[in-house]
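Grab a coffee and work through these exercises with the structure open beside you. Each task comes with a worked solution.

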Amino acid sequence: MTPDAEDFWFLPLGGTGEIGMNLNLYGHNGRWLMVDCGLTFEARTDVDGEPIPGSRAEIQMADPQFIADRKDQLDGLIITHAHEDHIGAVPYLWSQFRCPVYTTAYTAEILRRKLKEAGLEDEVPVVIVEPKAEIDIGVFNVRWIQLTHSIPEPFALLIVTPAGKVFHTADWKLDSDPVVGERYQPADFEALAELEIDAMVCDSTNADIPGWSASEASLQRGLKHHIERARGRVVVTCFGSNIARLRTIADIAQETGRHLGLLGRSLINTYTAAKKTGFWNGVETFVDPHHLGYLPRQTVLLVATGSQGEPRTALNRLSHNSFRDMQLEPGDTVIFSSKVIPGNETAIESLIARLKSMQIDVITVDNSRLAIHASGHPAQDELKAMYQWVKPACAIPVHGELRHMRANARVAKSVGVPEQLEGQNGDLFFIAPVRGIRRRAVMTGRLGLINDKLKKLY
């Protein structure tokens, strides 16, 4: 199965029909381009840390067999941003491709650390691309287009071949005040309409949610409100990759006279990567975790990993009184500056129940009158705006479960996008010369990491 000079194809191997482990392929004139190579996670232990009988591998990723068999036709791999579901599988799968990796500076720094852990830092050729660059990768001309998301340097891609043009959004939202990084520019997307885009391959995560997602800057008021009124220590838990949220909390620490501490390896890794690449110019007075137990409770503000109830994270250990440097006490406050990812409900409910049994005040999105979390994905009005700016001939919803992608297709249709192609992993989307779908064109599945070795799960 090889595209010819008149063909332009889109083939998702992961991330279409599900949220996580994104792996996308574009094909033209005998060549392929990969966009993103991510992970997903499955719990191997229950909420109390006990093994789940018959559980599969915790770390999972899309089976890349189709493109591994054609690695001599693969011109490169582009990583759009540094979230695990877009970057996390590179250290595990790259040896099957052995192609150059293209990405921007912050994402490259996160990738470098992952490759170093895997012993691949000096082996993988990583090409650092300047923001808004335009380069040729084999037969594909690619332009990076600035967007906003819940991580530094998120980029959409304009992928152009002689056969057709695709606007690949990756993960995005329209945030006029993202706290960290540049704002989006409507003119960038309005200019795409003049190019007559054949297809827009678009994030569907929040396509079933009306309205417009909240701005990161809007959270400062709600978070400060709760922190100012807290009697003892405050622990804010959020997604570890969200540097903008950390910056907001750091500013509040200064304003409220609290000492700021970071708990959790992934959070510290994200902060140091942001500092190295120029995305952190805020508070530097972080407290050594070893000193936290000696500070007056009312002067402590912590940011901790574990918002999804993951067993080995800092907040989970605090809820079991097993954190080495400090213990929570009655009257302390935990703020969940995060949403519940589907599948994690039970773990989060158990975590909150443990905290409440310790007489901890727990504040969540559901019981806070003021906003304390903002999604990184577009709600319906943002999708409408983007479709109206870009004016693609066709919408291809991805990055979501079936209900999300159907909602995305309905939004596209409602604002006049002439055609919507709805499919799933393994379906071959024909973008040119004639649009259509060949269902189940490629066998897809998952690989799992078991005892440090990749094994086929299905």
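**Exercise 1.** Which helix gives the most to the lining of the second largest pocket?

Solution. First, the ground rules: this is a predicted model, where local features need pLDDT of at least 70, side-chain atom pairs count only at pLDDT 80 or more, and totals for chains, interfaces and linings use all residues. Residues are numbered from 1 along each chain as its sequence is written, and side-chain values use heavy atoms, without hydrogens and water.

Now the pocket. On a 1 Å grid over the protein atoms alone, a pocket is an open set of points where a 1.4 Å probe fits, with protein on both sides within 12 Å along at least five of seven lines; lining residues have an atom within 4 Å of a point. Helix α10 (residues 345-357) tops the list with four residues; helices are DSSP runs (H or I) of at least four residues, strands (E) of at least two. The lining includes Phe336, Lys339 and Ile352.

**Exercise 2.** Find the edge strands of the open sheet of eight strands.

Solution. Start with the order, β8-β7-β6-β3-β2-β1-β21-β22, with mixed pairing. β8 (126-128) and β22 (436-438) each have a single partner strand, so one side of each has no neighbour in the sheet. Pairing takes at least two DSSP bridges; β7 (residues 101-103) and β8 run parallel, joined by three. Across that pair, Thr103 sits opposite Ile128.

**Exercise 3.** Describe the hairpin of β23 and β24.

Solution. β23 (residues 446-450) pairs with β24 (residues 453-456) in the antiparallel sense over four bridges. Leu447 has Lys456 as its bridge partner. Two residues lie between the strands, and Asn451 takes a positive phi near 55°.
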